[in-house]
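Please work through the following exercises with the sequence and the structure at hand, trying each task before reading its solution.

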Amino acid sequence: MIERNTVWGWPVVVEMTLLAIASFAVVWAYYFWRRGDTKYAAVGGVLGVLFPAIALGILASELLKPPTAGVLVLPIFNPNANFASWMVWGATGISLLILWSLLFTAPMIRPLARIAVWGRNRAVMNVLGLLMAAFGVFVALYTGLLLAYERGIPFWHSANVPLLTLFMGLAAGSGLYALLGKTEAGRWTAIGSGLTALTYGAHLHLSSLGPSAAVFSAAGAMSDPLTTGGLILALAAAALTAWGKKPALAAGGALAIIAVLLIRASLILLGAWEFP
């Protein structure tokens, strides 16, 4: 028996999209800090705190059971945690991303600069920036690993899915900075968007070969406007940001983020359970 996923809906789509944006926004934050551009470094750093915090709230309300929903910050230290669950490792990674982003960004915010004295030490800031960037990349991968671990939904249970979410993080996080007019992010937005479209297209094709629940999901996805719109917008974003001109760059960055939202919605909402 095949049954369409009704457990993970639009709130989870939004949660994972916020994580995608934050995941590589923090990588760019570290890049701009290294170049001395603290204004744009602070943008990515703030989003590295805000978006994952919102994502943890959605995770608690949508996916976690009431007895465990409160153990969101560093759940790895919960003695009753299920260490075989990617949700435990993911929530820990998200919590640490918030922590590193906060410590990295605080010295760049004027009211906090006096308290954040570690910001005067470049070596410390380098370590914090590297940790923040590394956990950002982990969070992008985690959203795919969480889905790929779900054996009951064959459409998700694929090695393509973590790669897809990594590329979506690259597209969305770089797209944010392209939207802000940063030409350095244009090429990476184009690469991330192009690879997102290519990987999801390949995933749909491979899913259409079986098993039956994956075929059901792939057929539904290929006829759904979420998929069509997402793939078209991803390719349009790749073309616009590859061009490199500022008006096209901003438009391409916005389209890249919207494309990631639509493709992620297609992936999650059209997954189907397969029961004996």
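**Exercise 1.** At 21% relative accessibility, does Phe135 count as buried or partly exposed?

*Solution.* The model is a predicted one. Buried means under 20% relative accessible area, and exposed means over 50%. Phe135 has 21% relative accessibility and therefore counts as partly exposed.

**Exercise 2.** Describe the ring pair of Trp100 and Phe135, and place both residues along the chain.

*Solution.* A search of the whole structure finds 12 aromatic pairs. In the pair of Trp100 and Phe135, the ring centres are 6.5 Å apart and the planes stand at 50°, so the pair is tilted. This pair links distant parts of the chain, with Trp100 in helix α4 (residues 86-105) and Phe135 in helix α6 (residues 122-148), 35 residues apart. Trp100, at 18% relative accessibility, counts as buried, whereas Phe135, at 21%, counts as partly exposed.

**Exercise 3.** Find the salt bridges, and state which parts of the chain they link.

*Solution.* The count comes to 2 salt bridges. One is formed by Glu184 with Arg35, whose closest N and O atoms are 2.5 Å apart. Since Glu184 lies in the loop between α7 (160-179) and α8, and Arg35 in the loop between α1 (10-34) and α2 (38-62), the pair ties together parts that are 149 residues apart in sequence. Glu184 is partly exposed, with a relative accessible area of 25%, while Arg35 is exposed, with 51%.

Another salt bridge joins Lys182 and Asp37, with the closest N and O atoms 3.4 Å apart. Here too distant parts of the chain are linked, Lys182 being in the loop between α7 and α8 and Asp37 in the loop between α1 and α2, 145 residues apart. Lys182 counts as buried at 14% relative accessibility, and Asp37 as partly exposed at 22%.

**Exercise 4.** Over the face of which ring does Lys182 lie, and to which cluster does that ring belong?

*Solution.* Lys182 lies over the face of Tyr40, at 4.2 Å from the ring centre. Tyr40 is in turn part of a cluster in which ring pairs link Trp28, Tyr31, Phe32, Tyr40 and Tyr177.

**Exercise 5.** Which residues are in contact with Leu233, leaving aside its neighbours within four places in sequence?

*Solution.* Begin with the position of Leu233, which is found in helix α10 (residues 225-243). The contacts of Leu233, with those neighbours left aside, are Leu255, Ile258, Ala259 and Leu262. Leu262 is 29 residues from Leu233 in sequence, and the two are 9.1 Å apart in space, C-alpha to C-alpha.

How values were computed: Residues are numbered from 1 along each chain as its sequence is written. This is a predicted model: local features need pLDDT of at least 70, side-chain atom pairs count only at pLDDT 80 or more; totals for chains, interfaces and linings use all residues. Side-chain values use heavy atoms; hydrogens and water are left out. Rings of Phe, Tyr and Trp (its six-membered ring) pair if their centres lie within 6.5 Å; planes under 30 degrees apart count as stacked, over 60 as edge-to-face and the rest as tilted. Helices (H or I, at least four residues) and strands (E, at least two) are DSSP runs, numbered from the N terminus. Buried means under 20% relative accessible area, exposed over 50%, partly exposed in between (1.4 Å probe, protein chains only). A charge sits over a ring if NZ of Lys or CZ of Arg is within 6 Å of the ring centre and within 35 degrees of the ring normal. Contact means heavy atoms within 4.5 Å. A salt bridge is a side-chain nitrogen of Lys or Arg within 4 Å of a carboxyl oxygen of Asp or Glu.
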